[in-house]
Amino acid sequence: MQTGNVTTPFGRRAVTLALVKRQLQTCETKPTRPVEKWKVFRDACEARERLGLQDRALTVLDALLTFYPESELNCDNGLVVFPSNVQLSVRAHGITGTTLRRHLAALVEAGLIQRKDSPNGKRYAHRDKSGDIEQAFGFDLSPLLTRAAELANLAQEVAAERLQFRRAKEALTICRRDVRKLISAAMEEGANGNWDAIEDIYVGIVSRLPRNPNIHQVKAILDEMQLLRTEILKALQTQLNPQNMDGNAVQNGCHIQNSKPESINELEPRSDKEQGAAVELEVAPKVVAQPLAKPEQVKAFPLSMVLKACPQISDYGPGGIISHWRELMGAAVVVRSMLGVSPSAYEEACEVMGPENAAVAVAAILERAGHINSAGGYLRDLTRRARAGEFGLGPMLMSLMRANVDGDRKTG
């Protein structure tokens, strides 16, 4: 590289070795395909943080591009612009001279432009007799053309990371809401467990979230919150509320006598058309009478949580109110018939899920009846998935609770 007043690819300013290497690569690369200049500018804006640039530096780059007359960057037309600092400051919205020089240096350092200095350090151009530019001294925009594909890839990566960050924050918000509702429901229902300690854990996790977190911090907190939600759901699913059963007979796999005045089969509607299936209609006594194959079948949620998620089932309880699990299971039998679910489909659901969970499933189907073509087919599908261990009522109830809360906000 020559010294003195002779123009070099790097001008007469101090440069770093990394900058020298980058500018040499730019000089050696000869792109042949033109690139739309404003697309490159948008990509550079998207990748601003990766390039280490501030917003004002992009404002200066925008101003520089306005001095390039063509809409596409093309090496055949020359890529050097030579505005004075005064002209550049005006198009950069009145930026001061000191700030302008600082951000020009930042653009050079980021490898988006190059300086092409004249012997006297001024910016100007030599023109031929016809007025065409023969040689220009100022800022070379060729790095934008050379790095167009690289900037496009950087912009796509940044956009993908931003989307991932937004999705992670949304998932954390939903998970926090779920955990808060589950803890509140458990406390209101009086479920067994040290819910004060669990709430302290929840508060501790939330308190570790910074005011302006990055994606790694959000993901770490989300993992902890999801683990806490899983543990809460397990605790709620594996315990039995004393109100769920009539004594310990069902829990021990014993039969419930049909002669009881509150027997659920009395709530099952019958008609002359169903006389041929009279035996099948006694769904609740059949299922309850069978001993439980596995204790894990009985995984009833807090009744208050079920009623919050599925409020419509209360209309089918005694006097339009459901106050305990027997009333919920009786209402489910009525709703089963109303929805056109066959006795065999409901009986199979009770056998696989347990009578309480089958009643919850029917209540959930009632809540979404307007969106389900065949309630019986839907219940059979849930039963099949439950038998394969691929379905749990927890996510369904939480989804319905969220939908009800959102609906209340819209109508409130």
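These are my notebook entries on a predicted model of a protein chain.

**Entry 1. The chain as a whole**

I began with the overall make-up of the chain. The protein chain has 412 residues, and 42% of them count as buried. Its secondary structure comes to 18 helices and six strands. I then looked up the accessible surface, which comes to about 22100 Å², with 50% of that area belonging to carbon and sulfur atoms. For contacts with a separation of 6 or more, I noted that 69% are between residues 24 or more positions apart.

**Entry 2. Helices α2 and α4**

I next asked how helix α2 and helix α4 pack: at what angle, and with their axes how far apart? Helix α2 covers residues 37–46 and helix α4 covers residues 55–66; the angle is about 175°, and the axes are 11 Å apart. Angles over 145 degrees count as roughly antiparallel, so α2 is roughly antiparallel to α4. I listed the residues that make this contact. From α2 they are Lys37, Trp38, Phe41, Ala44 and Cys45, and from α4 they are Leu58, Leu61, Asp62, Leu65 and Thr66. I sorted the residues of the contact by character and found seven nonpolar, one polar and two charged.

**Entry 3. His103**

I looked up His103, which is found in helix α6, residues 97–109. Is His103 buried or exposed? The relative accessible area of His103 is 4%, and buried means under 20%, so His103 is buried. Leaving out residues up to four places away in sequence, I found that His103 touches Gln54, Arg56, Ala57, Val60 and Ile95. I also recorded the distance from His103 to Leu58: the two are 45 residues apart in sequence, while their C-alpha atoms are 8.4 Å apart in space. Leu58 had already appeared in my notes as one of the α4 residues in the contact with α2.

**Entry 4. Ala125**

I turned to a strand residue. Ala125 lies in strand β5, which covers residues 124–127. With residues up to four places away in sequence not counted, Ala125 touches Phe82, Ile133, Gln135 and Ala136. Ala125 and Val80 are 45 residues apart in sequence, and I noted a C-alpha to C-alpha distance of 9.2 Å.

**Entry 5. Asp178**

I located Asp178 in helix α8, residues 148–189. The relative accessibility of Asp178 is 2%, and the cut-off for buried is under 20%, so Asp178 counts as buried. Which residues does Asp178 touch, not counting residues up to four places away in sequence? I found Arg229, Met398 and Arg402.

**Entry 6. Salt bridges**

I searched the whole structure for salt bridges and obtained 15. I examined several of them in turn.

Arg208 forms a salt bridge with Glu224, and their closest N and O atoms are 2.2 Å apart. The pair links distant parts of the chain, 16 residues apart: Arg208 is in the loop between α9 (195–207) and α10 (215–238), and Glu224 is in helix α10. I checked the accessibility of each partner. Arg208 is partly exposed at 45%, and Glu224 is partly exposed at 31%.

Arg380 forms a salt bridge with Glu348, where the closest N and O atoms are 3.1 Å apart. This pair also links distant parts of the chain, with Arg380 in helix α17 (residues 375–387) and Glu348 in helix α15 (residues 343–353), 32 residues apart. I recorded Arg380 as partly exposed at 36% relative accessibility, and Glu348 as partly exposed at 24%.

In another salt bridge, the side chains of Asp381 and Arg384 meet at 2.5 Å, N to O. How many residues apart are Asp381 and Arg384 in helix α17? They are three residues apart, about one turn of the helix. Asp381 has a relative accessible area of 27% and is partly exposed. Arg384 is partly exposed as well, with a relative accessible area of 45%. I closed the entry with a network: Arg48, Glu49 and Asp55 are joined into one by salt bridges that share partners.

Terms used
Residues numbered from 1 in each chain as written. Predicted model: local features only at pLDDT ≥ 70, side-chain atom pairs only at ≥ 80, totals over all residues. Heavy atoms only, no water. Helix = DSSP H or I, 4+ residues; strand = E, 2+ residues; numbered from the N terminus. Buried < 20%, exposed > 50% of the residue type's maximum accessible area, 1.4 Å probe, protein only. Contact = heavy atoms within 4.5 Å. Areas by Shrake-Rupley, 256 points an atom, 1.4 Å probe, with all protein chains shown as cover. Salt bridge = Lys/Arg side-chain N within 4 Å of Asp/Glu carboxyl O. Axes fitted to C-alpha atoms, helices over the stretch in contact; angles between N-to-C directions. Parallel < 35°, antiparallel > 145°, perpendicular 65-115°, else oblique. Nonpolar A, V, L, I, M, F, W, Y, C, P; charged D, E, K, R; others polar.
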